[in-house]
Amino acid sequence: MVNDILKDVESRMSKSVKALEKEFVAIRTGRANPSILDSVSIDAYGSPMPLNQVATVSCPEARLIMVQPWDKGNIGAIEKAILKADLNLNPSNDGNVIRIQIPELTEERRKELVKQAKNKAEDCRVAIRNVRRDGNDMVKELEKDKSISEDDSKKEQDNIQKLTDKYTEMVQKLTDNKEKEILSI
């Protein structure tokens, strides 16, 4: 029973950190990265589809993303979707491929991106603390129902706190690395 609670708590905390990692990938750092376009969805063949299912996305140069649609008829839809995705990117279409030049980041924009990363990290920490609270509540409920002793309850709450500390530290490391990446370019 208690092991299930710990597994659930760890699983949920781990998912929060993985979600943060995905969000960090989407934060542009001035360097071309195909994953910047992961959130782009295209209206193709009558239904919305992820960009990577209708085109090849590559980075032939450090500041250039190239999108080559498998069906040339989708090139206009792809260009519109990239513009609509609110990524502050300007695609240029030559009829065969879409080229996206990644602009140099200004100092001000870098600071904005660092702030954005820190806000996402704080949201992740809040999610981890909420999971901790839920786990502690479940353990206290077991203690109240006399399913576990007071000592066992205290021990499990300590274990949940250790998991919280571990995942909070992971969030801090991810945030520090992202900040260095943004500021170092």
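Which helices do the buried residues of H1 pack against? They sit against helix H3 (107-144) and helix H4 (150-184), where helices are DSSP runs of H or I with at least four residues, numbered from the N terminus.

A quick note on the setup: this is a predicted model, where local features need pLDDT of at least 70, side-chain atom pairs count only at pLDDT 80 or more, and totals for chains, interfaces and linings use all residues. Residues are numbered from 1 along each chain, and side-chain values use heavy atoms, leaving out hydrogens and water.

Here's H1 by the numbers.

| Item | Value |
|---|---|
| H1 (residues 2-26), expected span | 36 Å |
| H1 (residues 2-26), end C-alpha atoms apart | 37 Å |

The two values agree, because the 25 residues count 1.5 Å each, with the expected span taken as 1.5 Å times one less than the number of residues. Buried residues of H1 include Val2, Ile5, Leu6 and Phe24 (buried means under 20% relative accessible area with a 1.4 Å probe, protein chains only).

Now for H4. The axes of H1 and H4, lines fitted to C-alpha atoms over the stretch in contact, come within 10 Å and cross at roughly 10°. That makes H1 roughly parallel to H4 (angles under 35 degrees). Among the residues making the contact (heavy atoms within 4.5 Å) are Val9 and Met13 of H1 and Leu163 and Tyr167 of H4.

One oddity is Lys146, in the loop between H3 and H4: its phi is positive, about 65°, although it is not a glycine. Most residues other than glycine have a negative phi. Lys146 counts as exposed at 72% relative accessibility, the cut-off being over 50%.

Definitions and conventions:
Helices (H or I, at least four residues) and strands (E, at least two) are DSSP runs, numbered from the N terminus. Axes are lines fitted to C-alpha atoms, for helices over the stretch in contact, and angles run from 0 to 180 degrees between N-to-C directions. Angles under 35 degrees count as roughly parallel, over 145 as roughly antiparallel, 65 to 115 as roughly perpendicular and the rest as oblique.
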